[in-house]
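Thanks for making the time this morning. I would like to take you through one interface and one pocket, and then leave room for discussion.

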Amino acid sequence: MKDLIAALPEGRVVTDPDVIDSYARDRTFLGPGQAVGAVLARSRDEVVTTLKWASAHRVPVVPRGAGSGLAGAATAIEGGLILSLHRMTAITELSPADEIAVVQPGVITADLDRAARAHGLMYAPDPSSYEISTIGGNLATNAGGLRCVKYGVTRDSTLGLEVVLADGRILNTGRRTMKGVTGYDLTGLFVGSEGTLGVITEATLRLRRAPAEPPATLAAEFATFRDAAAAVSAIIAAGCQPSMLELIDRATLKAIDDWKHIGLEPATMAMLIGQSDAADSAAAIARMGELCEANGATFAAVSTTPQEAEELVAVRRLAYEAKERLGACLVEDVCVPRSKLPEMITAVEAAGAKHDVLICTVAHAGDGNVHPVFIFDRGLAEPPPQVWAAADEVFRTALRLGGTLTGEHGVGLLKRRWLALESGPVAQDLQREIKAVFDPLNIMNPGKAI
């Protein structure tokens with residue numbers, strides 16, 4: 001450690017155990033291992049120095065951003081080094097002509113979007129944690145968000161990367177153009193790799209033209225969660241092309257109401273929040289309202305002002321914090337084909353009832369991404385058996401319906417026990433071999449993701 005402290009500017013290396021602990025966790029219940037230190041990097045060269053030192057001494061490295069992850073990928077490893085990138089916050093270029101931004105990994109997602117909007121552009125990915133999550137963390141997990149139903153996930157907005165490999169070499173992937181098929185897609189490989197292949201120190205990101213007018217927003221209430229899911233399927237099938245389609249169940253709405261007093265009606269079992277930013281947004285949102293009513297909505301209304309729209313979307317963004325008030329959370333994010341969403345929603349409710357587990361569910365419904373959150377006693381070190389059993393049923397159902405274990409949160413530590421159900425032995429062997437090419441000493445976030 002003395003060599004590392006000497007090689008980096010003063011104050012970059014933290015060895016105080018209490019300070020290290022503040023960088024050792026993400027937003028899961030998982031207890032971290034005891035790290036030997038933390039590096040608070042401010043530049044690519046400091047990351048290079050850190051990884052060369054880690055390779056020389058065979059020290060595992062856990063890269064991290066804001067620590068807002070929900071799968072355990074950023075939790076510290078026993079005897080490892082934490083490499084925090086949250087101080088690398090520069091937007092080094094924003095080109096309206098090319099509609100791209102070049103940013104460091106510590107840039108807050110919402111800050112990039114605000115910078116783009118000053119030029120009539122926007123950064124499309126917007127996870128619910130967009131005011132605290134960093135671009136580096138979004139890249140590491142291929143995060144999605146509320147607008148991904150129309151604009152895609154982080155990978156769809158990533159053109160190129162600068163990556164420091166485990167041995168300190170610098171790799172540049174991708175390009176500044178919208179097209180490019182030279183060689184293998186290394187950019188796509190790093191997006192979603194959860195820090196297991198290298199450390200992203202810069203990203204070239206695609207921006208999009210911001211809508212000329214605020215989006216039209218719909219709120220619909222339903223007597224059953226399944227009816228709301230059926231309305232989602234009808235909206236997608238009708239070609240309405242929403243820019244947002246979010247589903248919230250009764251348990252989540254009650255948690256928000258108990259906290260923020262939103263005026264939840266006793267008969268409301270689910271809420272659907274939809275938006276359209278199309279040129280004909282008024283017609284599109286009216287059609288979405290009709291489809292909600294045709295599928296059992298007890299109430300459907302379109303916001304009349306941008307402020308009303310913002311308040312409705314804010315309800316959705318409050319969901320996770322409201323659930324954290326109820327107890328410890330096991331957060332999952334299965335994704336199924338959109339036509340299977342009603343069946344998936346029914347299975348989640350059945351698993352909660354069968355195992356007597358409180359499950360609060362929201363969904364990026366327009367792309368079939370369901371977030372069941374299993375609530376358990378905060379005093380427990382990990383979820384009790386009935387919670388794991390309910391989660392197991394949810395995962396197996398998602399796979400049976402042609403879905404996936406994780407749509408955007410990543411595997412981290414929490415989902416490794418189910419990986420073999422989805423990947424199969426050939427895919428798992430290939431993933432281990434790919435990691436060995438980039439990280440032959442297995443020091444990059446070992447034990448996570450694969």
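How much area is buried between domain 2 and domain 4, and what share of it do carbon and sulfur atoms give? Before I answer, please keep in mind that what you see is a predicted model. The domain assignment divides the chain into domain 1 (1-84), domain 2 (91-209), domain 3 (213-322) and domain 4 (327-440), and I will stay with the second and the fourth of these.

The area buried between domain 2 and domain 4 comes to about 1,100 Å², with 59% of it given by carbon and sulfur atoms. On the domain 2 side, the residues that lose the most area to domain 4 are Val149, Glu194 and Leu197, which together make up 34% of what that side buries. In terms of contacts, 17 residues of domain 2 meet 13 residues of domain 4, while the count of salt bridges between these two domains is zero. Their C-alpha centres lie 25 Å apart.

Now to the pocket. The second largest pocket holds about 660 Å³ of space, and among its 28 lining residues the closest to the centre are Gly192, Glu194, Gln431, Ala449 and Ile450. Two elements, α5 (135-141) and α15 (419-438), each give two or more residues to this lining, and α15 supplies the largest share, with eight residues. By character, the lining divides into 10 nonpolar, 12 polar and six charged residues.

Where does this pocket lie with respect to the domains? Because domain 2 and domain 4 both give residues to its lining, the second largest pocket lies between them.

Conventions:
Residues numbered from 1 in each chain as written. Predicted model: local features only at pLDDT ≥ 70, side-chain atom pairs only at ≥ 80, totals over all residues. Heavy atoms only, no water. 1 Å grid on protein atoms, 1.4 Å probe; cavity = no way out; pocket = protein on both sides within 12 Å on 5 of 7 lines; lining within 4 Å. Points joined across faces, edges and corners; volume = space filled by probe spheres on them. Helix = DSSP H or I, 4+ residues; strand = E, 2+ residues; numbered from the N terminus. Nonpolar A, V, L, I, M, F, W, Y, C, P; charged D, E, K, R; others polar. Domains from an automatic or database assignment. Contact = heavy atoms within 4.5 Å. Buried area = accessible area lost by both parts, 1.4 Å probe. Salt bridge = Lys/Arg side-chain N within 4 Å of Asp/Glu carboxyl O.
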